[in-house]
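Biologist: I have a new model open and would like to learn how to read its features one by one. Could you walk me through it?

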Amino acid sequence: MELRAADREQPASPKLPLRLASAQGKGPGTLETAAPQLLRGSDSMKAPGRLLLIALCSVGLSAVYVLLCCWTCLPFCLASCPDPHFSANSRPTVPGPLHFSGYSSVPDGKPLVREPCRSCAVVSSSGQMLGSGLGAEIDGADCVLRMNQAPTAGFEADVGRRSTLRVVSHTSVPLLLRNYSHYFQRARDTLYVVWGQGRHMDRTLGGRTYRALLQLTQMYPGLQVYTFTERMMAYCDQVFQDETGRNRRQSGSFLSTGWFTMILALELCEEIVVYGMVSDSYCREQRHPSVPYHYFEKGRLDECQMYLAHERAPRSAHRFITEKAVFSRWAKKRPIVFAHPSWRTQ
């Protein structure tokens, strides 16, 4: 408002009498010549004010444009600021507990705080684990990471007994609730990390899945339940795009629980041994044994048939084989070993 008021002010005119006085006695032509000069002087004094106003308006519009861009591209903006503790080339070697801000506790929302793991066993849910006899070796790791509802009871010889962390899809929470005494009552020392987006995981509105997690913490005081933050979920999407060159949503891809587990393991563990995960070329080889998709669901889905079907699907599918190719590249930079089947990164 001050600028507009200033624009309306007329230039000071103390020189007008001087010009008129100097024009006296020189005829009407001199007076007519002085008038246009005065008008030109007025315009020249208004010009800087107009330029200043235009410059300020341009700056204001630019600021509004940037804010609108950030609002409409919020997931990308969040993903461009990853968790400071995570890096594909970093290791959690600092002694003492670390703060993992990408994971938020239920119900208080505090970040995950715990000691880093010297060695981690990441146990796949694959049928490759059947008959492995690796249970004791797995239990010997500093931390054991499992996925979704994969049980240990009845499979101890092959997959071990211990569960330090269990990474769970929001869609698998109801499956755990069907056998809550096994997962939550007996395994009270297990830390659960649930991933998912959308209204079912919404804390503010009390989404259905989040309410179920909240009830669990009330039923079992001391139960450790965390969720991936929205910022961390966006970051996981961005990692997929950076590694594959494909936008997850636009390519119709769903990230697997294995993807989130590996990202968590990279952040938490100094050394990682992955059990039961095949290479990205395994299912395209002519000779490979047929194993169930899950070791606890014998005779149902074949693992390679499932992987290939999802990889070829145009929309709404996991990209298991693509993810395994990414894990292989990560293993060239970090101490990651793949066991049973054992394979080396190319």
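Modeller: Gladly! Let's begin with pockets. A pocket is an open set of grid points with protein on both sides within 12 Å along at least five of seven lines. Keep in mind that this is a predicted model.

Biologist: What volume does the largest pocket have?

Modeller: The largest pocket has a volume of about 890 Å³. It is lined by 44 residues, and the closest to its centre are N148, L255, S256, T257 and H318.

Biologist: Which helices each supply at least two residues of that lining?

Modeller: Look at α10 (230–244), α11 (257–268), α12 (303–312) and α13 (320–330). As for chemistry, the lining has 17 nonpolar, 19 polar and eight charged residues.

Biologist: Let's turn to the sheet. In what order do the strands of the nine-stranded open sheet come?

Modeller: The order is β2-β1-β7-β6-β5-β4-β3-β9-β11, and the pairing is mixed. At the edges you find β2 (111–114) and β11 (336–339), each of which pairs on one side only. Neighbouring strands of this sheet are turned against each other by 30° on average, direction ignored.

Biologist: How many bridges link β9 to β11?

Modeller: There are four, and β9 (residues 269–275) pairs with β11 in the parallel sense. To find the register, note that V274 stands opposite F338 in β11.

Biologist: And how should I read a strand inside the sheet, such as β5?

Modeller: Start with a general idea: in a regular strand the side chains alternate between the two faces of the sheet. Then check each face for burial, where buried means under 20% relative accessible area. In β5, L165, V167 and S169 are buried on one side, and R166 and V168 are buried on the other. Five of the five residues of β5 (residues 165–169) are buried, so this strand is largely enclosed by the rest of the structure.

Biologist: Which strands pair with β5?

Modeller: β4 pairs with β5 in the parallel sense over three bridges, with L145 opposite L165. β6 (residues 191–195) also runs parallel to β5, joined by five bridges, and here S169 stands opposite W195.

Biologist: Where does α11 sit relative to the strands?

Modeller: α11 lies across β1 (98–105), β2, β3 (117–123), β4, β5, β6, β7 (224–228), β9 and β11, and runs at about 150° to β9.

Biologist: Is α12 mostly covered or mostly open?

Modeller: Mostly covered, as seven of its 10 residues are buried. For helices in general, there are 3.6 residues a turn, so residues three or four places apart point the same way. The buried residues of α12 are E303, C304, M306, Y307, L308, H310 and E311. They pack against β10 (317–318) and α13.

Biologist: Now for single residues. Is Y180 buried, partly exposed or exposed?

Modeller: Y180, in helix α8 (residues 180–185), counts as partly exposed because its relative accessibility is 39%. Not counting residues up to four places away in sequence, Y180 touches Q185, M219 and Y220. Its C-alpha atom is separated by 9.0 Å from that of L216, 36 residues apart along the chain.

Biologist: Where does A153 lie?

Modeller: A153 is in the loop between β4 (143–147) and α6 (156–159). With 41% relative accessibility, A153 counts as partly exposed. A153 and H182 are 29 residues apart in sequence, with 8.6 Å between their C-alpha atoms.

Definitions and conventions:
Residues numbered from 1 in each chain as written. Predicted model: local features only at pLDDT ≥ 70, side-chain atom pairs only at ≥ 80, totals over all residues. Heavy atoms only, no water. Buried < 20%, exposed > 50% of the residue type's maximum accessible area, 1.4 Å probe, protein only. 1 Å grid on protein atoms, 1.4 Å probe; cavity = no way out; pocket = protein on both sides within 12 Å on 5 of 7 lines; lining within 4 Å. Points joined across faces, edges and corners; volume = space filled by probe spheres on them. Nonpolar A, V, L, I, M, F, W, Y, C, P; charged D, E, K, R; others polar. Pairing = 2+ DSSP bridges. Axes fitted to C-alpha atoms, helices over the stretch in contact; angles between N-to-C directions. Contact = heavy atoms within 4.5 Å.
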